[in-house]
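Okay, thanks for coming, everyone. I'd like to walk you through the charged side chains in this one, and then a couple of other spots. Let me put it up.

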Amino acid sequence: MTYLITAKEVESVLTYPLSLKTVETAFKAFGQGKTCQPPKSYLIFKDGDLRSMPAYINTTSMKIAGIKSVNVHPDNHNKFGLPTVMATILLTDPKNGFNIAVLDGTHITNMRTGASGGVATKYLSRKDSKVMALIGAGAQAYTQLHHIMLTRKLKEVRVYSRSNESMDRFCKKMSKVYPRVSFLTEPDGKKACRGADIVTATTPVRKPIIRKSWIGPGTHINGIGADAKGKQELETALTKSCKIVIDEWQQASHSGEINAPISRGKLNKKDIYAEIGEIIAGKKKGRTSDDEITLFDSTGLAIQDISTAYVVYNALMKKQKRPKSINMF
C-alpha cells in the first residue's frame, strides 16, 4: 500500500522538538557521509519556479529515499490566495523502489527550514544570547522563532518587515505564546539589528538589506531567505567578515546567501569555514570565541525533507488510525 498523508495528519505529529531533532540528525548524517543528495534542480517560470529535490539517507536508524517537488511563487498570496511555497514529498523504500507514501510537504518544508535555523543557532550563537532581530515577518519567521526558542532563552525579539501589518500581527500572536519575551516592532532595520545577539533573515530580496555596520562582534546570523540564484540579504562586506558555515557547497554556491558574492568573484570556496554537518559530526568546531561573527547560509537540503517526512510516516504508522492508502498493483 502507498499511504496518502495530508497536511492535517502531518501537523498532528510533527512537533517543534521532533522537527529540530530530526534535522540535526540529518545534518549529522550528511557530515558523516551517510547520505546521497544531488543538488536541487530548477524549472524557472515567469512568476516563480519549481524545484526537484531527491535524497537517500543510509544510517543504522534510517534507511529511506525520496524526492520533494516544491514551488516558490512570491506573489501567490496576492494573486491567488495561495502560499508562496507548496510542496509534495514522495517516500521510496530503497530496498525495492516501492513508493511507501505521498505526503503534503508544505508544512514539512516550513518546519524543517525553521529547524535548520534552530540547529545552526545551537552550534554557532553565543550560549548567553538574549536578543534576536527577525528580518521578515512572514510564515518562515514563525517557525524560525519556535525552533530557536528551543535552543536559546531569548528575552527580546525585534521584528522588522516592510509591512507594518505583518510586524504587528507577528508580535501580537507570539506575545501570547511566549509571554516572558518582549516582542518589539521595529520599522528601522538598522535599529533592529544593532546590539542583537542573533539576526535571522527570512526575506526573498535580491538587493542586500542588512549592512556590515549594523552588526556587532559576537553576533550570529541565520541567512534563510536566499534560496535561488541572484537572491542576497546581506551586504557582501558583511558576509566576507563572517565565519561562514553553509549547509552544502554546491547548493549554497549556486543559490544561497554566498551565491551573489561568488558570482562576482568576491568570495570563493576557501572562504567557507565549514558545512553545518561537519560541525555536528565533530569534524570541525562551531563558535570558538565570543567576538566572532558567524553566518549560517541555509539553502534547504533534501535530506531535511526526506528524513522529516519519514519520521512523520513512522509516527502515523504507529497510530491505530492510519492515513488513507492506494493499492499500486
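Before I point at anything: when I say helix or strand, I'm using DSSP runs, with helices being H or I of at least four residues and strands E of at least two, numbered from the N terminus. What you're looking at is a predicted model, so local features need pLDDT of at least 70 and side-chain atom pairs count only at pLDDT 80 or more, while totals for chains, interfaces and linings use all residues. Residues are numbered from 1 along each chain as its sequence is written, and side-chain values use heavy atoms, with hydrogens and water left out.

So, let's start with K79. K79 sits in helix α3. Is K79 buried, partly exposed or exposed? My cut-offs are under 20% relative accessible area for buried, over 50% for exposed, and partly exposed in between, with a 1.4 Å probe and protein chains only. The areas themselves come from the Shrake-Rupley method, again with a 1.4 Å probe, and for residues only the protein chains shown count as cover. K79 has 48% relative accessibility, so K79 counts as partly exposed. To get a feel for distances, take K79 and E24: they are 55 residues apart in sequence, and their C-alphas are 36 Å apart in space.

Now, salt bridges. In general, side chains of opposite charge can pair when their charged atoms come close. The rule here is a side-chain nitrogen of Lys or Arg within 4 Å of a carboxyl oxygen of Asp or Glu. How many salt bridges does that rule give? The count comes to 15.

One of them involves our friend K79: its side chain meets that of D47 in a salt bridge, 3.6 Å from N to O. K79 is in α3, residues 76–80, and D47 is in the loop between β3 (41–44) and β4 (49–58), so this pair ties together parts 32 residues apart in sequence. D47 comes out as partly exposed too, because its relative accessibility is 41%.

Next pair: D197 and R126, where the side chains form a salt bridge at 2.7 Å, N to O. These two link distant parts of the chain, 71 residues apart, with D197 in the loop between α7 (189–193) and β11 (198–201) and R126 in the loop between α4 (106–124) and β8 (131–135). Buried or exposed, these two? Both D197 and R126 are buried.

Third one: R211 with E235, where the closest N and O atoms are 4.0 Å apart. R211 lies in the loop between β11 and β12 (220–223), E235 in the loop between β12 and α8 (236–241), so parts 24 residues apart in sequence get tied together. R211 has a relative accessible area of 33%, so it is partly exposed, and E235 counts as partly exposed because its relative accessibility is 24%. By contact I mean heavy atoms within 4.5 Å. Setting aside neighbours within four places in sequence, R211 is in contact with E235 and L238. For scale again, R211 and L91 are 41 Å apart, C-alpha to C-alpha, and 120 residues apart in sequence.

There's also a network of salt bridges that links D49, R51, D227 and K231. Within it, D227 is in the loop between β12 and α8, and at 16% relative accessibility D227 counts as buried. Which residues does D227 touch, leaving aside those within four places in sequence? The answer is Y42, R51, V72, S255 and T299.

What about charges without a partner? K130, K153, K155 and R180 form a positive surface patch. Patch residues need over 30% relative accessible area and no salt bridge, with like charges joined within 9 Å and nonpolar side chains (Val, Leu, Ile, Met, Phe, Trp, Tyr) within 5 Å. Lys and Arg count as positive, Asp and Glu as negative, and His and the chain ends are not counted. The charge is placed at NZ of Lys, CZ of Arg, CG of Asp or CD of Glu. Within the patch, R180 is in the loop between α6 (164–177) and β10 (182–185), and its relative accessible area is 80%, so R180 is exposed.

Two last stops, away from the charges. T203 is in the loop between β11 and β12, and at 11% relative accessibility T203 counts as buried. Not counting residues up to four places away in sequence, T203 touches I135, G136, I209, G225, A226 and E233. And helix α5, residues 139–149, is mostly covered, with 10 of its 11 residues buried. Among those buried in α5 are Y142, L145, H146 and H147.
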